[in-house]
Amino acid sequence: MMNFAIKKVCFLVALAACGTMAYAQFPNEKFGKPSKQEWDFVGWGDAVKADAIILSKTMTATYQMTDQVATTNQSDPDMSIDNLADFGKNLIDDSNLLIKYEVNLRTKILKAEGAKHANIDITYFSLNDKKLISFDEIEDLKVKVFTKNEKGKVEKKNINTASFVRERVDDNYMVLHVVVPDVQPGSIVEYTYKITSVRPAYLYDWLFQECIPTVHSKCDIQVPAFLQFNMNVPINKLIRSGVIADRLAYDTNRPDLKKGKSVITNHYTIVGDYIPSEGETIAPFTSMLSKPSLDKLPVPMPVGSSHLKVK
């Protein structure tokens, strides 16, 4: 009897270990080929009742600096907190400091009713002003649908992105409506795109919690230390955050400066795993400058909006 009990406990431990190993296969941040685990995965806990789930949702953001931001302090490899105040002073503007975003999203449709969650809205800055041209640019937008046929073979379909509709929200923002047709239960939809932003003093919101369960969400941002951002990190036990000191190289064609110069950055990483749906009520990641060196603060996004939202 004792041996049977021991064997039973060992079996349960082994079973739990197998479950842990299965979970350990997530996240799969490599886009273009869903993993076997993602094909088999149908949720966790109450999430198995959902119409669709987000398997992976990631955003990386980094600054691109030109040689106009390269002052004596900035080119000094020994630059420290003591001289950060002069770093980039009066030189930060839309022409010499850009933000490069890369966003990837993978959604799995579980039920016929979940087909609507194959559609997303991308909110981006675009000033409605005939005298001043200022807008963020969406680049390299690609949408793919993966579906298994009756024989279990994966079929891939590229969606024509030229047919997507753009709608103006207000005088500062546009929304790109991404509509994906012909998805079915079991389909996996992937979206990937880049944004070049002309607003160095503003970071797009990042919504960790959507209207459907999210298996993995990650926000990775490198911010030059001289920008002094306030970071409002979500207070949620399922979301963990960290920041380290890092360095970021800037581009320069100036003959008096050597290639490969870099600046000190705050490198933020915020990750959330196995987040249930809560109607988008918690966990936005947002940030604004605490001591802006620009003459005019950029207009934030409309209330209730987020940069990327799964419908």
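This tour proceeds through selections in the structure above, from charged pairs to a strand residue, aromatic rings and cysteines.

The model is predicted: local features require pLDDT of at least 70 and side-chain atom pairs count only at pLDDT 80 or more, whereas totals for chains, interfaces and linings use all residues. Residues are numbered from 1 along each chain as its sequence is written, and side-chain values use heavy atoms, with hydrogens and water left out.

**Charged pairs**

Side chains of opposite charge can pair when their charged atoms come close. The structure holds nine salt bridges, a salt bridge being a side-chain nitrogen of Lys or Arg within 4 Å of a carboxyl oxygen of Asp or Glu.

Select K36 and D40 to begin. Their side chains form a salt bridge with an N to O distance of 2.9 Å. Both residues belong to helix α2 (residues 36-40) and are four residues apart, about one turn of the helix. Helices (H or I, at least four residues) and strands (E, at least two) are DSSP runs, numbered from the N terminus. K36 is exposed, at 60% relative accessibility, and D40 is partly exposed, at 47%. Here buried means under 20% relative accessible area, exposed over 50%, and partly exposed in between (1.4 Å probe, protein chains only).

Select E210 and K57 next. This salt bridge spans 2.6 Å, N to O. It links distant parts of the chain, 153 residues apart: E210 is in the loop between β9 (202-207) and β10 (214-224), and K57 is in strand β1 (residues 52-65). Both E210 and K57 are buried. Add W206 to the view: K57 lies over the face of its ring, at 4.8 Å from the ring centre. For a charge to sit over a ring, NZ of Lys or CZ of Arg must be within 6 Å of the ring centre and within 35 degrees of the ring normal.

Then select R106 and E190, whose side chains meet in a salt bridge at 2.8 Å, N to O. R106 is in strand β2 (residues 97-109) and E190 in strand β8 (residues 188-197), so the pair ties together parts 84 residues apart in sequence. Both R106 and E190 are buried. With E38 added to the selection, salt bridges that share partners join E38, R106 and E190 into one network. R106 also lies over the face of F31, at 4.3 Å from the ring centre.

**A strand residue**

Move to I120, in strand β3 (residues 120-125). I120 counts as buried, at 1% relative accessibility. Select V310 as well: the two are 190 residues apart in sequence, yet 4.7 Å apart in space, C-alpha to C-alpha. Leaving aside neighbours within four places in sequence, I120 has contacts that include L105, L176, Y191, L308 and V310, where contact means heavy atoms within 4.5 Å.

**Aromatic rings**

The whole structure contains five aromatic pairs. Rings of Phe, Tyr and Trp (its six-membered ring) pair if their centres lie within 6.5 Å; planes under 30 degrees apart count as stacked, over 60 as edge-to-face and the rest as tilted.

Select F41, W44 and Y274, which form one aromatic cluster. F41 is buried, with a relative accessible area of 9%, and W44 is buried, with 14%. The W44 and Y274 rings have centres 5.2 Å apart and planes at 80 degrees, so this pair is edge-to-face.

**Cysteines**

Finally, select C211 and C219. C211 is partly exposed, at 29% relative accessibility, while C219 is buried, at 0%. A search of the whole structure finds zero disulfides, a disulfide being a pair of cysteine sulfur atoms within 2.5 Å.
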